[in-house]
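Reader: I should be grateful for a close look at one part of this model, with enough of the whole to place it.

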Amino acid sequence: MTGSVGPADLLRRRVAEDPSRPFVTFYDDAKGERVELSAKTFDNWVAKTANLLVDDFAAEPGTRVVLALPQHWQTAVWLMACWSAGLVARPVEPGGPFEAEGPYILAVAEEAIGGALGDPDAEEVVGLSLHALGGPLADCPPGVSDYAVEVRAHGDRFVPDPAVTPDLPALNVTKTTLTAAALVAEARDTAGRWELDANSRVLVDMSFATLDGVLAGLMAPLASGASVIIQRNSNETALERRVSVEHVTAVAGLNGWNDPSGSLRRLG
């Protein structure tokens, strides 16, 4: 692609070129869960979530969205939905602190909803059960929208506001703000440095609350055509088999597996 592009442009290219190949695979070893999404399925979730943000919560280009979510495939969806709609995503650890200035939309994991209630700057609070089968929140408090319930009504195609351009701020993380175009540039640089390509399968156990986590867990694989395997609550005894079964070619954020010179280590 030529010219200035944003993350949503990279996703559209991925869907156009290879819609059915796995893009994001997710493991939660504490729950025994495995979820696999093709580029097309991931894109459908992104579109539904972007439509939810715009239609139900009146989000517009420049609106801030705090993502108090763990490493999870739904966190990746929310990041991309924000960028598709021209919103500024701020990923933080589920327990906070949120440290966002002024009003914002808050997407929060069910485990941390209690700490988010009563925040005067959170204009909307969206609770995510993170259930593998898309189940609702076990208990949805007043004033909280249940993502799993509300997102179902929205279409799987999203048309952004004409004001959305790659020059808009897209990501605020660890006191750094990047435009959509700058984020893509970082992703391409990282993918080149790590020698990722369409044959790469990257196993990642890193928080999205850091730029490195966003790059390893989503953007570098997207920019290079690679697939990413997001891991949560890692079980060390399952790791060797997972690397083999998932045909992993590189790992990032895994204790004892990382290259001494950086967070990613190529295998084999």
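Of the contacts in the chain with a separation of 6 or more, 66% are accounted for by residues 24 or more positions apart, where contact means heavy atoms within 4.5 Å. Please concentrate on strand β11 and the loop that lies between β11 and α8. Where is Val228 found, and which residues does Ser234 touch?

Author: This is a predicted model, in which local features need pLDDT of at least 70 and side-chain atom pairs count only at pLDDT 80 or more, while totals for chains, interfaces and linings use all residues. Residues are numbered from 1 along each chain as its sequence is written, and side-chain values use heavy atoms, with hydrogens and water left out.

The setting comes first. The chain has eight helices and 13 strands; these are DSSP runs numbered from the N terminus, with helices being H or I of at least four residues and strands being E of at least two. Its C-alpha trace spans about 50 × 45 × 35 Å along the principal axes. The radius of gyration is 17 Å, which agrees with the value near 18 Å that a compact globule of 268 residues would have; the radius is taken over C-alpha atoms, and the globule rule is 2.2 Å times the number of residues to the power 0.38. Of the 268 residues, 55% are buried. Here buried means under 20% relative accessible area, exposed means over 50%, and partly exposed lies in between, with a 1.4 Å probe and protein chains only.

Within this setting, Val228 belongs to strand β11, which covers residues 227-232. Val228 is buried, its relative accessible area being 0%. Leaving aside residues up to four places away in sequence, Val228 touches Phe23, Val24, Thr25, Val202, Val204, Ala216, Gly217 and Pro221. By contrast, the C-alpha atoms of Val228 and Gly115 are separated by 31 Å, with these positions 113 residues apart along the chain.

The loop between β11 and α8 (236-245) contains Asn233. Most residues other than glycine have a negative phi. Asn233, although not a glycine, has a positive phi of about 55°. This residue is partly exposed, at a relative accessible area of 39%. Ser234 lies in that loop as well and is also partly exposed, with a relative accessible area of 28%. Ser234 touches Asp29 and Asp205, again not counting residues up to four places away in sequence. The C-alpha atoms of Ser234 and Asp29 are separated by 5.7 Å, although the two residues are 205 residues apart along the chain.

On the other side of α8, His247 is found in the loop between α8 and β12 (250-252). His247 likewise is not a glycine and has a positive phi of about 55°, but this histidine is exposed, with a relative accessible area of 60%.

A bench reader may also wish to know about the cysteines. The structure holds zero disulfides, a disulfide being a pair of cysteine sulfur atoms within 2.5 Å. Cys82 is in no disulfide, and the nearest cysteine sulfur, that of Cys140, is 19 Å away. Cys82 is buried at 0% relative accessible area, whereas Cys140 counts as partly exposed at 33% relative accessibility.
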